[in-house]
Amino acid sequence: MRIRLAATTAAAATAAGTLIALTAVPAQATEYSSALKIRGVQYDAPGRDSNNCATGNTDEEYVTIKNYSSTKTVNLKGYWVEDAAGNYFEFTANHYLQPGDYVKLRGGHGTDSDAKNVVYRDNCNFLWNNDKDTIYLFKPAGSRADVHSYTKSGSDPDGNGYIKFHS
């Protein structure tokens, strides 16, 4: 989550003139009203990156989307995930997330499974950049459900290629 700084000015009159003090105050990060949130991202697949469909490791790169509602079941159909460059994946089939449930959207090819909480992009290209990127989650109507930016050096202190955004 990015923290933006907002400048606040305070003016005080003195005998010699006006003194202006600037104080940095952290602005609140945008929190979207959505049951679905990006829980985390494995932005750098373990090992050497290979997008070869037969032998590559794009299926080891994923984003986890969780339903944080305590009462509402959410159908992922029509939601989409996008990166900063505009590469995206849209959930075109029904995939229901019960309260507290999650799904891992993986690269590569595989069999989607509600039981195993996995959906495959059916694309062997990597979606997330290894150095930095922004992950957007959009609702079917086009409004944002969640967004997170990361940098390898600033967001992943243990260097394992995984970043957790929400618990």
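## The disulfide

Let's start with a covalent link: Cys53 and Cys124 form a disulfide, and their sulfur atoms sit 2.1 Å apart. Keep in mind that this is a predicted model. The structure holds 1 disulfide, so a pair of cysteine sulfur atoms within 2.5 Å turns up once by the cut-off used here. The link of Cys53 and Cys124 is right-handed, with 125° about the S-S bond.

What does the pair tie together? Cys53 lies in the loop between strand S3 (36-42) and strand S4 (62-67), while Cys124 lies in the loop between strand S10 (118-120) and S11, so the bond joins parts that are 71 residues apart in sequence.

The two cysteines also have their own surroundings. Is Cys53 buried or exposed? Cys53 has a relative accessible area of 53%, and because anything over 50% counts as exposed, Cys53 is exposed. Cys124 has a relative accessible area of 7%, and since the limit for buried is under 20%, Cys124 is buried.

## A sheet of four strands

Now for a sheet that includes S11, the strand that comes after the Cys124 loop. In what order do its strands run? This open sheet of 4 strands goes S7-S6-S11-S12, and the pairing is antiparallel. At the edges stand strand S7 (88-90) and strand S12 (144-151); each has a single partner strand, so one side of each is left without a neighbour in the sheet. On average, neighbouring strands of this sheet are turned by 10° against each other, direction ignored.

Take a look at S11 and S12 in particular. Strand S11 covers residues 132-138, and its antiparallel pairing with S12 runs over 7 bridges. If you'd like one bridge to find in the structure, try Lys132: its bridge partner in S12 is Thr151.

## The whole chain

Stepping back, how many helices and strands does the chain have? The secondary structure comes to 1 helix and 13 strands. Follow the sequence and you get the pattern β-β-β-β-β-β-β-β-β-β-β-β-α-β, with the helix sitting between the last two strands in that pattern.

A few totals round out the picture. The chain has 167 residues, and buried ones make up 37% of them. Looking at contacts with a separation of 6 or more, 55% come from residues 24 or more positions apart. As for the outside, the accessible surface of the chain comes to about 9600 Å², and 48% of that belongs to carbon and sulfur atoms.

Definitions and conventions: Residues are numbered from 1 along each chain as its sequence is written. This is a predicted model: local features need pLDDT of at least 70, side-chain atom pairs count only at pLDDT 80 or more; totals for chains, interfaces and linings use all residues. Side-chain values use heavy atoms; hydrogens and water are left out. Two strands pair if DSSP finds at least two bridges between them. Axes are lines fitted to C-alpha atoms, for helices over the stretch in contact, and angles run from 0 to 180 degrees between N-to-C directions. Buried means under 20% relative accessible area, exposed over 50%, partly exposed in between (1.4 Å probe, protein chains only). Contact means heavy atoms within 4.5 Å. Accessible areas come from the Shrake-Rupley method with a 1.4 Å probe; for residues, only the protein chains shown count as cover.
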